[in-house]
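Q: I would like a close look at a single part of this protein. Please start with what the part is, then show me what surrounds it and how it fits into the rest.

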Amino acid sequence: MVISEEKIWELLKEVRDPELPALDIIEMGIAREIKIESGKVTVVITPTYSGCPAMFMIETEIRDVLSKNGITCDVKTTYTPAWTTDWLTEEAREKLRQYGIAPPGKDIEEIFNKNTKCPFCGSDDTKLVSNFGSTACKSIHYCNSCVQPFEHFKCI
Ligand SMILES: [Zn+2]
């Protein structure tokens with residue numbers, strides 16, 4: 001079997017961040033690079049933030065998905081360049097919104113902005129309830145307009 005980069009990118013779409021199952025690791029910008037050298041495959045990943053506990057699971061998942069397809073691979077983690085929210089595609093942001101999670105701001109000021117836009121109704125009239133949601137990379141907010149809580153993926 002010929003192993004192509006395209007085939008591996010295709011397979012990696014099956015791998016999801018367990019904390020954000022709405023997106024695959026390519027949309028998340030976690031999967032950075034695929035190297036094939038004399039039949040040896042290396043997948044390079046960058047965690048969304050250092051110490052994200054999901055990364056170990058993602059690494060295992062990458063190996064599982066590829067090995068099911070007869071491909072053995074090495075997973076390498078790189079922290080440079082560091083992951084930024086710019087790596088989330090517009091499509092990925094839209095998917096997060098549909099999933100009921102406010103996507104991260106495009107710049108750091110927006111990330112720290114307490115008035116995160118509600119993903120349900122788009123209102124700015126929201127308040128921060130807790131800095132930590134179901135996972136450390138999400139915070140919990142409450143929308144005063146449509147009167148419901150929502151999570152914000154803040155990546156930091
Ligand atoms: Zn709302």
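A: A helix here is a DSSP run of H or I with at least four residues, a strand is a run of E with at least two, and both are numbered from the N terminus. The model is predicted. Let us take helix 2, which covers residues 54-68. Look just past its end: helix 2 is followed by G70, and the phi of G70 is positive, near 75°.

Now check the length. Helix 2 has 15 residues. At 1.5 Å a residue, the expected span is 21 Å, and the end C-alpha atoms are 21 Å apart, so the two agree.

Next, the two sides. I58, I62 and L66 are buried in helix 2. They cover an arc of only 60° around the axis, and therefore they sit on the same side of helix 2. Turn to the other side of helix 2. There F56, T60, D64, S67 and K68 are exposed.

What does the buried side meet? The buried residues of helix 2 pack against helix 1 (5-12), strand 1 (16-17), strand 4 (40-45) and strand 5 (73-77). Zoom in on I62. Neighbours within four places in sequence aside, I62 is in contact with L12, V15, V43, C73 and V75.

This leads to the core. The largest nonpolar core has 25 residues. I58 and I62 are among those with the most contacts inside it, along with L12, I25, M28, I30 and A31. Helix 2 gives the most to this core, with three residues. Others also contribute: helix 1, strand 2, strand 4, helix 3, strand 6 and strand 9 are among the elements that each supply at least two residues. The core draws at least three residues from each of domain 1 (5-77) and domain 2 (100-153).

Now set helix 3 beside helix 2. Helix 3 spans residues 90-98, and its buried residues are A92, R93 and L96. Their arc around the axis is only 100°, so they too lie on the same side of their helix. The face turned away from that buried side carries exposed residues: E90, E91, E94 and Q98. The cover over the buried residues of helix 3 includes strand 2 (20-24), strand 6 and strand 9. A glycine comes after helix 3: G100, with a positive phi near 90°.

Two of those covering strands, 6 and 9, belong to an open sheet of four strands with the order 6-9-8-7 and mixed pairing. Its edge strands are strand 6 (101-102) and strand 7 (126-130), each pairing on one side only. Strand 8 (138-143) and strand 9 (148-153) run antiparallel and are joined by six bridges. K138 stands opposite F153 in strand 9.

One more residue links these parts. P119 lies in the loop between helix 4 (108-112) and strand 7. P119 is buried because 22 other C-beta atoms lie within 10 Å, and the cut-off is 20 or more. Beyond its neighbours within four places in sequence, P119 is in contact with R97, G100, I101, A102 and F150. P119 and E94 are 25 residues apart in sequence, and 9.4 Å apart in space, C-alpha to C-alpha.

Finally, step back. The protein chain holds four helices and nine strands. Buried residues make up 31% of its 156 residues.

Methods
Residues are numbered from 1 along each chain as its sequence is written. This is a predicted model: local features need pLDDT of at least 70, side-chain atom pairs count only at pLDDT 80 or more; totals for chains, interfaces and linings use all residues. Two strands pair if DSSP finds at least two bridges between them. A residue is buried if 20 or more other C-beta atoms lie within 10 Å of its own, exposed if 12 or fewer, and partly exposed in between; C-beta atoms are placed from the backbone. Two residues are in contact if their C-beta atoms, placed from the backbone, lie within 7 Å. The expected span of a helix is 1.5 Å times one less than its number of residues. The arc is that of the directions from the helix axis to the C-beta atoms. A nonpolar core is a set of buried Ala, Val, Leu, Ile, Met, Phe, Trp, Tyr and Cys residues joined through C-beta atoms within 7 Å. Domain bounds come from an automatic or database domain assignment.
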